[in-house]
Amino acid sequence: MTKQISDILKGRSGRKIITLTPNHNLADAVEIMARHNIHHIPIIEADSDKDSPNGRLQGIISDRDLRLHSRSPFDYGPGVRNNNDTMEKAVSDIMNDLNNHTISTIMTKSMVLTLKEDDLIINAIDVMKEADVSAIIITKDKNEIVDIVTRTDIMDVLKSIL
């Protein structure tokens, strides 16, 4: 049985794809990922309508990108948990860093992987494995963003067939 990416996307019609621009700050990305329980956000050109996912794709940012960029409160030493002043300073420094850096500073630009709805799921698996990524942006003609397919989506399909 050959399944296409469109099989994963069934039942998702009308789902709004959240996008940001390179000029948004990192705190915006953290807040949106937490609020919507998502791990990837497509980044579209800055002059696009911010409510439209159809601007020209510029990159992608993931929760992994944010984790690799951000410091941890534990970078302030082993006793940070027991010292409220040190913990407040650590959290303040981290929040300042997130507010003072734009998404463009850490987003993935060069390896933004896209596939089409009619591509086979096996192609998505090959691409994800080869590039060691956990998500692929699905596009229509003219790079219109349709959705994002993640490793979890693919595992759900595999689970349903087994």
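In this predicted model, R151 sits partly exposed, with a relative accessible area of 36%. R151 pairs with D132 in a salt bridge whose closest N and O atoms are 3.4 Å apart. The two partners come from distant parts of the chain, D132 from the loop between α5 (121–131) and β4 (135–139) and R151 from helix α6, 19 residues apart. D132 itself counts as exposed, at 60% relative accessibility.

That pair belongs to a set of eight salt bridges in the structure. Another one involving helix α6 joins the side chains of D153 and R12, at 2.7 Å from N to O. D153 lies in α6 and R12 in the loop between α1 (5–9) and α2, so this contact ties together parts that are 141 residues apart in sequence. Both ends are tucked away: D153 counts as buried because its relative accessibility is 14%, under the 20% cut-off, and R12 is likewise buried at 15%. Salt bridges with shared partners also join R12, R15, D147 and D153 into one network.

A further salt bridge runs between R56 and E45, with 3.3 Å between the closest N and O atoms. Here both residues lie in the loop between β1 (40–44) and β2 (57–62), 11 residues apart. R56 is exposed, with a relative accessible area of 53%, while E45 is partly exposed at 23%.

Turning to helix α4, this element spans residues 84–100, 17 residues in total, and reaches 24 Å from its first C-alpha to its last, close to the 24 Å expected at 1.5 Å a residue. Its buried residues are A90, D93, I94, D97 and L98. Looking down the axis of α4, these buried positions fall within an arc of 130°, so they line one face of the helix. The other side of α4 carries the exposed residues N84, D85, E88 and N100. As for what covers the buried residues of α4, the elements include α2 (26–36) and α3 (63–69).

Back at helix α6, which covers residues 151–161, I161 also has its place. I161 is partly exposed, with a relative accessible area of 46%. Together with L158 and L162, I161 makes a nonpolar surface patch of about 340 Å². Helix α6 thus holds I161 of this patch, as well as R151 and D153 from the salt bridges described above.

Terms used
Residues numbered from 1 in each chain as written. Predicted model: local features only at pLDDT ≥ 70, side-chain atom pairs only at ≥ 80, totals over all residues. Heavy atoms only, no water. Patch = residues over 30% accessible without salt bridge, like charges linked within 9 Å, V, L, I, M, F, W, Y side chains within 5 Å. Areas by Shrake-Rupley, 256 points an atom, 1.4 Å probe, with all protein chains shown as cover. Salt bridge = Lys/Arg side-chain N within 4 Å of Asp/Glu carboxyl O. Helix = DSSP H or I, 4+ residues; strand = E, 2+ residues; numbered from the N terminus. Buried < 20%, exposed > 50% of the residue type's maximum accessible area, 1.4 Å probe, protein only. Expected span 1.5 Å × (residues − 1). Arc of directions from axis to C-beta. Contact = heavy atoms within 4.5 Å.
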